[in-house]
Amino acid sequence: MAAELIDGKAFAAELRERVAGHVAGLRAAHGIVPGLAVVLVGEDPASEVYVRNKGRQTVEVGMASFEHKLAAETSEAALLDLVARLNGDDAVHGILVQLPLPAHIDADAVINAIDPAKDVDGFTLSNVGLLGTGQKAMVPCTPLGCLMMLKDRLGDLSGLDAVVIGRSNIVGKPMAQLLLGQSCTVTIAHSRTRDLPEVVRRADIVVAAVGRPEMVPGDWIKPGAVVIDVGINRIPAPERGEGKTRLVGDCHFESCAAVAGAITPVPGGVGPMTIACLLANTVTACCRAHGLPEPEGLTA
Ligand code: NDP
């Protein structure tokens, strides 16, 4: 393997440590405890795991964690009522409503009811608009984590060719905005892109956020490019025994790693950074709410 491995797990641990330091500082200097509220509606097993991890890591860095688990049949009105209460609660600096929501609830209406100053996922129209116009926003956690790892590896990104594969609102589009903010020349590729291999081949930075197992092979990668693999795909792994599965990214790891300059693994790359960035965003939101200077290195 030619590529350097970008160890998202270690990077996330280091970011959490810095967050914990800032949390301790806020408590000691101002008596403030940053608080994160996570709302889960229904019993989606994957969402339950995410919410449990978020709650545990929130407490580990010294912040207050408020978990609200609501029944699957909770009405949209009741959920909006809870969001309004959390908006008005001074102990809560960040609010995250775990997606997906049950089909009878309008997810856009709920997300946009969150006070943009507490929108630590960066999904409200207000924060999307701020990011898109280059203003101070709450930045979505997954792209924020990708950007941190890219800057750590490459330093100044200015002038580099970046290709983002995927145009979702939660990953692809905000990732492209962040790279544009770093003065990259950005191409957003998607399912209708013509000649995707050629588009990817010219990139110094490839961010793959597609949701298709091992779709990007090594011969699409420019030698020395940095590859950030956001995809998390579970595929059958009969070699591990009957019915067993394993996680892979959107990039074919071995062949991409043979050509790239650096690459994130799956698992252990972008995934761990997402929750660490959520904690970082909560500290940022807390500092902004109290009119305190924002700690360096926690946002884009
Ligand atoms: P979406 O399904 O919302 O978006 C996928 C994007 O990929 C779409 O824009 C789609 O294009 C594009 N696409 C699909 N097929 C192709 C193709 N053959 N060629 C080029 N582009 C294609 O996914 P998300 O953005 O929500 O997630 C992407 C992946 O990232 C998933 O595997 C998800 O699990 C993972 N993820 C990981 C996170 C983490 O913490 N590590 C967090 C969030 C997501 P079009 O718009 O034309 O349909």
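## Two domains

Which domains does the domain assignment give for this protein? There's domain 1, covering 31-118, and domain 2, covering 141-272. Keep in mind while you look around that this is a predicted model. Taken over C-alpha atoms, the centres of domain 1 and domain 2 sit 29 Å apart.

## The core

Now for the inside. The largest nonpolar core is built from 56 residues. If you want to find it on screen, start with Val 19, Leu 150, Leu 179, Val 207 and Ile 228, which have the most contacts inside it. Helices that give two or more residues to this core include H1 (8-30), H6 (141-154) and H7 (172-181). Strands do their part too, with S2 (35-41), S5 (161-165), S7 (205-208) and S8 (226-229) each giving two or more residues. Helix H10 gives the most to this core, with eleven residues.

So where does this core lie with respect to domain 1 and domain 2? It lies between them, because domain 1 (31-118) and domain 2 (141-272) both give residues to it.

## Around the ligand

On to the ligand, which has 22 residues around it. The closest of these are Arg 167, Ser 168, Ser 191, Arg 212 and Thr 274. By class, the shell splits into ten nonpolar, ten polar and two charged residues. Which helix gives the most to this shell? That's H10 (residues 270-289), with three residues. H10 is also the element that gives the most to the largest nonpolar core.

A few side chains get at the oxygen atoms of the ligand. For Ser 168, an N or O atom of the side chain is 2.5 Å from a ligand oxygen. Ser 191 has a polar side-chain atom 2.5 Å from an oxygen atom of the ligand, and for Thr 274 the distance from a polar side-chain atom to a ligand oxygen is 2.8 Å. How much of the ligand does the protein cover? On its own the ligand has 930 Å² of accessible area, and the protein covers 70% of that.

## Some spots in domain 1

Let's pick out a few residues with numbers inside the 31-118 range of domain 1. Ser 47 belongs to helix H2 (residues 45-60). Is Ser 47 buried or exposed? Its relative accessible area is 2%, so Ser 47 counts as buried, the cut-off being under 20%. The side chain of Ser 47 also makes a polar contact, at 2.7 Å, with the side chain of Asp 44.

The loop between strand S3 (64-70) and helix H3 (76-87) holds Glu 73, and Ser 75 is found there as well. Glu 73 has a relative accessible area of 65%, so it counts as exposed, while Ser 75, at 35%, counts as partly exposed. Each has a partner from elsewhere in the sequence. Glu 73 and Val 41 are 32 residues apart in sequence, but C-alpha to C-alpha they are 8.3 Å apart in space. Ser 75 and Ile 105 are 30 residues apart in sequence and 7.1 Å apart between their C-alpha atoms.

## Backbone oddities

A bit of background first: most residues other than glycine have a negative phi, and most peptide bonds are trans. With that in mind, have a look at the following places.

Which peptide bonds are cis? One runs from Leu 99 to Pro 100, with omega near 0°. Pro 100 has its place in the loop between strand S4 (94-97) and helix H4 (107-113). Another cis peptide bond joins Val 266 and Pro 267, where omega is about 0°. You'll find Pro 267 in the loop between strand S11 (262-263) and H10.

As for phi, Ser 183 isn't a glycine, yet it has a positive phi of about 65°. Ser 183 lies in the loop between H7 and strand S6 (185-189), and it is partly exposed at 43% relative accessible area. Asp 195 is not a glycine either and has a positive phi of about 55°. Asp 195 is in the loop between S6 and helix H8 (196-201). With a relative accessible area of 46%, Asp 195 is partly exposed.

How values were computed: Residues numbered from 1 in each chain as written. Predicted model: local features only at pLDDT ≥ 70, side-chain atom pairs only at ≥ 80, totals over all residues. Heavy atoms only, no water. Near = heavy atom within 4 Å. Polar contact = N/O pair within 3.5 Å; in protein donor to acceptor, adjacent residues only side chain to side chain. Areas by Shrake-Rupley, 256 points an atom, 1.4 Å probe, with all protein chains shown as cover. Helix = DSSP H or I, 4+ residues; strand = E, 2+ residues; numbered from the N terminus. Nonpolar A, V, L, I, M, F, W, Y, C, P; charged D, E, K, R; others polar. Core = buried A, V, L, I, M, F, W, Y, C linked by side-chain atoms within 4.5 Å. Buried < 20%, exposed > 50% of the residue type's maximum accessible area, 1.4 Å probe, protein only. Domains from an automatic or database assignment.
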